[in-house]
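Me: I have a new model open and would like to learn how to read it. Could you walk me through a few features?

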Amino acid sequence: MLKFLKPSMKAQISDVKAAVGWGVAAGAGALYLVQPWGWIRQTFFEKPEEQK
């Protein structure tokens, strides 16, 4: 598909950097809105209590 595009239409490195930047910003914004800090702490950092 890329060989059919004009050279000016292909993705440039600056376009990729901008897309990555916006993706990071969107991910950080989503984490800020949802704020799953308690779930992350329980899931990844706390060890489950052993039942006897």
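Reply: Happy to; we will go from the overall shape to single residues, bearing in mind that this is a predicted model.

Me: How many helices and strands does the protein chain have?

Reply: There are two helices and zero strands in the protein chain. To judge the overall shape, compare the radius of gyration with the globule rule. Here the radius is 21 Å, well over the 10 Å given by that rule for 52 residues, so the protein chain is more spread out than a compact globule. Its C-alpha trace spans about 65 × 25 × 15 Å along the principal axes, and 2% of the 52 residues count as buried.

Me: What span should helix 1 have, and what is the distance between its end C-alpha atoms?

Reply: Allow 1.5 Å a residue: the 22 residues of helix 1 (residues 13-34) should span 32 Å. The end C-alpha atoms of helix 1 are 32 Å apart, which agrees.

Me: What is the phi of Q35, just after helix 1?

Reply: Most residues other than glycine have a negative phi. Q35, however, takes a positive phi of about 50 degrees. Q35 sits in the loop between helix 1 and helix 2 (37-45) and is partly exposed, at 42% relative accessibility.

Me: How many aromatic pairs are there?

Reply: The count is one aromatic pair. The ring centres of W39 and F44 are 6.0 Å apart and their planes are at 85 degrees, so this pair is edge-to-face.

Me: Is W39 buried or exposed?

Reply: W39 is exposed, with a relative accessible area of 52%. F44 is exposed too, at 57%.

Conventions
Residues are numbered from 1 along each chain as its sequence is written. This is a predicted model: local features need pLDDT of at least 70, side-chain atom pairs count only at pLDDT 80 or more; totals for chains, interfaces and linings use all residues. Side-chain values use heavy atoms; hydrogens and water are left out. Rings of Phe, Tyr and Trp (its six-membered ring) pair if their centres lie within 6.5 Å; planes under 30 degrees apart count as stacked, over 60 as edge-to-face and the rest as tilted. Buried means under 20% relative accessible area, exposed over 50%, partly exposed in between (1.4 Å probe, protein chains only). Helices (H or I, at least four residues) and strands (E, at least two) are DSSP runs, numbered from the N terminus. The expected span of a helix is 1.5 Å times one less than its number of residues. The radius of gyration is taken over C-alpha atoms; the globule rule is 2.2 Å times the number of residues to the power 0.38.
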